[in-house]
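Biologist: Got a minute? I'd like to walk through this protein with you, a bit at a time.
Modeller: Sure, put it up and ask away.

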Amino acid sequence: MEFGNNMTSFLLITLCLGIMMKMQDCQAKMVGQCHRAGGKSFVSIYCGHMKMIRINKVLHGTPLGPQDTEMCQSMEGDCIDENISGIYDWSACTGAQSCVQYVKQTQLADCKQKSKYLQVKYDCVSEHKVIDICKTNKKTLQNGFIRSTGYPLNYAQDEHCECKLKTQNGGKITTSIIDLSLLSKKHKCIDWVMLSDQAKEHVHCLHKDINTKTEWDTKLRVYFNAAKRSLKSDNSTVTSKAKGFWLQFTAPAEDKVTVTCGPAKTRKPNKSNGNLIFDELNKKTRSSKKTTRNSNQKKGGISQSTSSSNSFSSSMQLVFGFTLVTTLIVLL
């Protein structure tokens with residue numbers, strides 16, 4: 001009887017621990033702070049060891065009516081503005097274990113008042129659910145995350161890695177890029193992430209590509225290209241601040257995704273297939289070069305025309321001089 005009670009207790013404890021670990025995979029949190037006119041105020045965002053910050057929702061607000069003005073978070077009836085993405089730079093927070101952001105103040109259009117608080121909703125993602133694209137690994141889960149090696153710190157150069165995703169029950173895979181900070185030079189992508197299935201191919205290398213959900217087939221390939229760079233390009237001509245990338249993948253509720261990752265052979269985008277952002281970037285560079293070339297050709301044409309005109313003028317001067325000397329000799 002005692003053995004049975006002990007076994008029941010053990011099973012209950014194991015079940016509780018499993019539920020707690022599942023809940024800790026992605027903890028939703030919220031923090032708010034009021035704007036202080038007399039000095040700088042800030043919000044402190046914290047997830048802790050082996051957790052990664054994912055910013056979900058940010059808003060400015062101000063109380064309306066009899067609400068307590070010292071409440072630094074939104075309440076029913078407050079005037080709020082959620083369209084403040086351009087006011088703050090959250091790149092230092094995304095993927096980190098903790099960060100600090102100073103509270104700014106904006107004019108709220110709906111109520112024509114200045115904001116009095118900043119509120120941030122965020123998730124603490126467990127690193128156990130985040131897969132390194134360059135590390136040989138195989139996992140099966142309903143939803144998870146893929147990141148470049150070293151993220152949110154700088155990634156290594158000369159790496160070519162890939163994750164292959166496949167749903168078990170034929171459900172479609174959905175992805176969303178959470179963070180993207182890769183090296184680029186002018187309008188040209190040096191490093192890039194390529195997602196592809198049988199129907200389409202997307203190449204991402206700019207920060208503007210984040211937070212866009214994309215639905216894929218039952219099989220998906222995620223390929224990361226980090227080019228080999230010279231010492232000169234690293235120090236002078238290439239942007240040095242590059243965290244790498246972090247994306248999320250999800251299968252339908254009744255399905256799971258098997259993810260197999262590791263080093264891969266070098267791949268190039270297929271220009272005849274899908275939406276190639278990589279190619280769109282190079283159009284600007286090609287257009288710029290074409291404009292410069294046409295400008296130089298025009299300048300060359302003007303120079304040749306001017307040279308011909310000058311040559312003709314010099315010949316006429318010689319003929320006129322010779323005629324004048326001959327006339328003078330005859331008169332004399």
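Biologist: Let me jump straight in. Which residue in β21 is the bridge partner of E162?
Modeller: That's G262. Keep in mind that we're looking at a predicted model. The E162–G262 bridge belongs to the pairing of β12 with β21 (residues 257-263).

Biologist: How many bridges join β12 to β21, and which way do they run?
Modeller: There are 7 bridges, and the two strands run antiparallel. β12 also pairs with β19 (residues 219-226), again antiparallel, through 8 bridges.

Biologist: Which residue of β19 is the bridge partner of K164?
Modeller: R221 is the partner of K164 there.

Biologist: And is β12 enclosed or open?
Modeller: Strand β12 covers residues 159-167, and 7 of its 9 residues are buried, so the rest of the structure largely encloses it.

Biologist: What comes just before β12? I'm curious about the loop between β11 and β12.
Modeller: P152 sits in that loop, with β11 being 143-147. The peptide bond joining Y151 and P152 is cis, with omega about 10 degrees. D158 is in the loop between β11 and β12 too.

Biologist: What's phi for D158?
Modeller: It's positive, about 55 degrees, although D158 isn't a glycine. Most residues other than glycine have a negative phi, and most peptide bonds are trans. D158 has a relative accessible area of 42%, so it's partly exposed.

Biologist: Where else does a residue other than glycine have a positive phi?
Modeller: K112 is one of them, with phi near 55 degrees. K112 lies in the loop between β6 (107-108) and β7 (113-114).

Biologist: Is K112 buried or exposed?
Modeller: Exposed: its relative accessibility is 70%, and the cut-off for exposed is over 50%.

Biologist: Back to P152 for a second. Which residue touches P152 from the loop between β4 and β5?
Modeller: A96 does. A96 is found in the loop between β4 (79-81) and β5 (98-102). Leaving aside residues up to four places away in sequence, A96 touches K51, M52, I53 and P152.

Biologist: How far apart are A96 and I53?
Modeller: In sequence they're 43 residues apart, while C-alpha to C-alpha they're 5.5 Å apart in space.

Biologist: And is A96 buried or exposed?
Modeller: Buried, with a relative accessible area of 15%. That counts because the cut-off for buried is under 20%.

Biologist: Changing topic: how many residues of β8 are buried?
Modeller: 9 of its 10 residues, so β8 (residues 117-126) is mostly covered.

Biologist: Which strands pair with β8?
Modeller: β1 (residues 26-34) pairs with β8 in the antiparallel sense over 9 bridges, and Q27 stands opposite C124 in β8. β3 (residues 51-62) is also antiparallel to β8, with 10 bridges joining the two. In that β3 pairing, I55 has Y122 as its bridge partner in β8.

Biologist: What about pockets? What volume does the largest pocket have?
Modeller: About 800 Å³. The lining is made up of 29 residues, and W90, I178, H207, I210 and N211 are the ones that lie nearest the centre. β3 and β13 (174-181) are the elements that give two or more residues to the lining.

Biologist: What's the lining like by class?
Modeller: It has 11 nonpolar, 10 polar and 8 charged residues.

Biologist: Where does L206 lie?
Modeller: In the loop between β17 (201-204) and β18 (213-215). L206 is partly exposed, with a relative accessible area of 25%. The C-alpha atoms of L206 and W192 are separated by 8.5 Å, and the two residues are 14 apart along the chain.

Biologist: Last one, the whole chain. How many helices and strands are there?
Modeller: 3 helices and 21 strands. The chain has 332 residues, and 39% of them count as buried. Among contacts with a separation of 6 or more, 79% are between residues 24 or more positions apart.

Biologist: And how much accessible surface does the protein chain have?
Modeller: About 20,400 Å², with 55% of that belonging to carbon and sulfur atoms.

Key. Residues are numbered from 1 along each chain as its sequence is written. This is a predicted model: local features need pLDDT of at least 70, side-chain atom pairs count only at pLDDT 80 or more; totals for chains, interfaces and linings use all residues. Side-chain values use heavy atoms; hydrogens and water are left out. Buried means under 20% relative accessible area, exposed over 50%, partly exposed in between (1.4 Å probe, protein chains only). Helices (H or I, at least four residues) and strands (E, at least two) are DSSP runs, numbered from the N terminus. Two strands pair if DSSP finds at least two bridges between them. On a 1 Å grid over the protein atoms alone, a cavity is a set of points where a 1.4 Å probe fits but cannot get out, and a pocket is an open set with protein on both sides within 12 Å along at least five of seven lines; lining residues have an atom within 4 Å of a point. Grid points are joined across faces, edges and corners, and a volume is the space filled by probe spheres set on the points. Ala, Val, Leu, Ile, Met, Phe, Trp, Tyr, Cys and Pro count as nonpolar, Asp, Glu, Lys and Arg as charged, and the others, Gly among them, as polar. Contact means heavy atoms within 4.5 Å. Accessible areas come from the Shrake-Rupley method with a 1.4 Å probe; for residues, only the protein chains shown count as cover.
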